[in-house]
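Here are some worked exercises for you to try with the sequence and coordinates at hand. Have a go at each task before you read its solution.

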Amino acid sequence: MMAASPALKLAEKRRPVPVAAAAVGPVPAGEAEFLRQVGVTGMLREALLTVLEARPEEPVAFLADYFEKLALSRAEETGGEVPGPPALQQQRLDRAIWYLRLAHYSQRTAFHNNVSMAYECLSIGVKKKRPGVNGRIYSEVLRRICREGEAPEDILSLLLKKIQCRDYEAVPYDVFRYSTLTCFVLLEFISKANSLYHVLDDSGQADKRVCQAVLGTLGEAIMASDLYVPTSYLEAGSKLRPDCLALAMDKALLARRPSSSMSRREFLSEAAVLFLTKVKPIN
Amino acid sequence: MCLGIRAVPGLVYYGVLILSSRPKPTYWPSGVNRMSRDPVLCTIKGPIMLQVGDVKTDFARAGVAVIDVTFPQTKAVDVQEIVFKNYYTAFLSIRILQNNHHCSGERSRNWRTCLRNYCLMPNPHTEDGSQEYTSLFRQQMLCDLDQVTSLRLILRQPSPVWLHFSLEELQIYHCGQENPQKGFPLWLSCLLSQEQPTKVHNALPDAEKASSEVQQMWMLTEVIQTNETAARIGRFDVDGCYDINLLSYT
């Protein structure tokens, strides 16, 4: 019954003992032996390791995804039903993105491993002798990460303006790593900005003056913090204390300017601009 | 006793000294901002350990040592601050000799005690405070420190655990040389002031929550900065200079 399944035909090819011979020859030593022979043991171990590394919130969906990708990569290796080049590239892109999302960037080692896996997997597709990812695929990856994270389009284009490569350029690994990391951090930044907007919006509409005061304070802190001057972090942090922030908001409310509301979208874009000041442009 | 110290051997001070409540010493992180002013030139003698009985045969230690400081050229100094690094001294007394003291007359050259049993180590048997930097200001003293010609520092260590004790890096600063607080940031001094203006406006959003979100956002920008890479694509052109519309036949 198992032999009839088309998916397993591929696995069978690599089995040292054909099914027919096995039936005639000595009986497989036991269940464990069988699992080892067909490669399930190793496969499951790797799957478990990946789960442990990524610690997904929904393990079932994660594993389903994992095995799907695994089947695809097996199909590619064995050369069975090779899809056309555009579809193949799409698959590779899918897989790269999947690698990138496996672990949160705060799990440094896991994230770095996954980035290098993604990079490798994307480099295979490049036919030229020069290894590496070209600018087109690179931009596509960044765009996909941001879109899947539901980043607003205007922020995405601002980001790309800063870290995009031209289609023909070869992208070194370090640039790839930095840019993908930037995308993920930006997504988190946007979600934080979103909840900040929610706080400022508690009365039903966010006052533009207050929003700008808060963003202005954040901007000051971002400007003030300098990696090479450790005390600057104390100073920057002190600007963001609750009482300082309250004072800034209060001052903004007292200012005699017409009050108007600020939309969420507007707020997020302005916040993202602050974030992007810290992103190093690629050159 | 010689040297003008009316001191009894250290052990007597055991119970007494712990009761004394002096203002807490000001501790400096080593060498902060110190370069910007010069200490007064002085001659430092000591520490000389006091011994009871015969110097050669009696090994009992009194637990008292003396450091003498004199200013050269018999110049009198208005002392503002005394800075040193402790080395296992538990208690410090300072006596001074002054020039032209106000009751000038027959007893003008008298030793005056300006600091008595100042606690440097809260518990003499343990390491606490044993190697701290301490700065003593004239405001902490029992008498004025004008026109000082010499100082005598009397160090006590009642604990038998520490055989050697002393003060190191002793520096004396005179008046008019107050620690210049040039680089002292304003935000630091107002950290404690300004009690929270509790909800001046009712319409004001929750500052606590907003602050926590803003701080996290700030932190994320730092993640990006710390992960910066030096790698480059290797472009040679100035941005946009190869734009077809900008090319010219010149």
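The exercises below go from the confidence of this predicted model to the fold of one chain, then to the interface and to single residue pairs.

**Exercise 1. Find how far chain B can be trusted, and where its pLDDT stays under 50.**

Step 1: Begin with the average. The mean pLDDT of chain B is 73, and 62% of the residues in chain B reach 70 or more.

Step 2: Look for the weak stretch. Residues 1-35 of chain B stay under 50 in pLDDT, although the model has 57 contacts beyond four places in sequence for them.

Step 3: Decide how to treat such contacts. Predicted coordinates should not be read in detail where pLDDT is low.

**Exercise 2. Describe the fold of chain B: which elements does it have, and in what order do they run?**

Step 1: Count the elements. Chain B has 3 helices and 8 strands.

Step 2: Put them in order. Starting at the N terminus, the elements of chain B run α-β-β-β-β-β-β-β-β-α-α.

Step 3: Ask how the chain folds back on itself. Of the contacts in chain B between residues at least 6 apart in sequence, 79% join residues at least 24 apart.

Step 4: Turn to burial and surface. Chain B has 250 residues, 40% of them buried. About 14800 Å² of chain B is exposed, with 56% of that supplied by carbon and sulfur atoms.

**Exercise 3. Characterise the interface of chain A and chain B: how much area is buried, and which parts of chain A take part?**

Step 1: Choose a yardstick. Interface size is often given as the accessible area lost when the parts come together.

Step 2: Apply it. Chain A and chain B bury about 4500 Å² between them, and carbon and sulfur atoms account for 67% of that area. In chain A, the residues that lose the most area to chain B are K192(A), K278(A) and N283(A), together 13% of what that side buries.

Step 3: Count the residues in contact: 57 from chain A and 40 from chain B.

Step 4: List the polar pairs. There are 8 residue pairs in polar contact across the interface, both residues at pLDDT 80 or more.

Step 5: Assign the chain A side to its elements. At least two residues each come from β2 (170-171), α10 (173-200), α11 (208-224), α12 (231-239), α13 (242-254) and α14 (264-276) of chain A. The most comes from α10(A), with 15 residues.

Step 6: Look for charge pairs. The interface holds 1 salt bridge. The side chains of K278(A) and E222(B) meet in a salt bridge at 3.7 Å, N to O.

**Exercise 4. Compare the settings of three salt bridges: E33(A) with R36(A), D68(B) with R152(B), and D144(B) with R112(B).**

Step 1: Get the overall count. Over all chains, the whole structure has 16 salt bridges.

Step 2: Take the pair within a helix. E33(A) and R36(A) meet at 3.2 Å, N to O. Both lie in helix α3 (residues 31-38) of chain A, 3 residues apart, about one turn of the helix. E33(A) is partly exposed at 27% relative accessibility, whereas R36(A) is exposed at 53%.

Step 3: Take the pair between strands. The closest N and O atoms of D68(B) and R152(B) are 2.7 Å apart. D68(B) lies in strand β2 (residues 61-70) and R152(B) in strand β7 (residues 148-156) of chain B, so the pair ties together parts that are 84 residues apart in sequence. D68(B) and R152(B) are both buried.

Step 4: Take the pair between a loop and a strand. D144(B) and R112(B) have their closest N and O atoms 3.5 Å apart. D144(B) is in the loop between β6 (133-137) and β7 of chain B, while R112(B) is in strand β5 (residues 111-119), 32 residues away. Relative accessibility is 30% for D144(B), which is partly exposed, and 23% for R112(B), also partly exposed.

**Exercise 5. Is T149(B) buried or exposed, and which residues does it touch?**

Step 1: Locate the residue. T149(B) is in strand β7 of chain B.

Step 2: Check the cut-off. Buried means under 20% relative accessible area, so T149(B), at 14%, counts as buried.

Step 3: List its neighbours. Leaving out residues up to four places away in sequence, T149(B) touches V69(B), T70(B), F71(B), A76(B), L97(B), Q98(B) and N99(B).

Definitions and conventions:
Residues numbered from 1 in each chain as written. Chains lettered and ligands numbered in written order. Heavy atoms only, no water. Helix = DSSP H or I, 4+ residues; strand = E, 2+ residues; numbered from the N terminus. Buried < 20%, exposed > 50% of the residue type's maximum accessible area, 1.4 Å probe, protein only. Contact = heavy atoms within 4.5 Å. Areas by Shrake-Rupley, 256 points an atom, 1.4 Å probe, with all protein chains shown as cover. pLDDT = per-residue confidence, 0-100. Buried area = accessible area lost by both parts, 1.4 Å probe. Salt bridge = Lys/Arg side-chain N within 4 Å of Asp/Glu carboxyl O. Polar contact = N/O pair within 3.5 Å; in protein donor to acceptor, adjacent residues only side chain to side chain.
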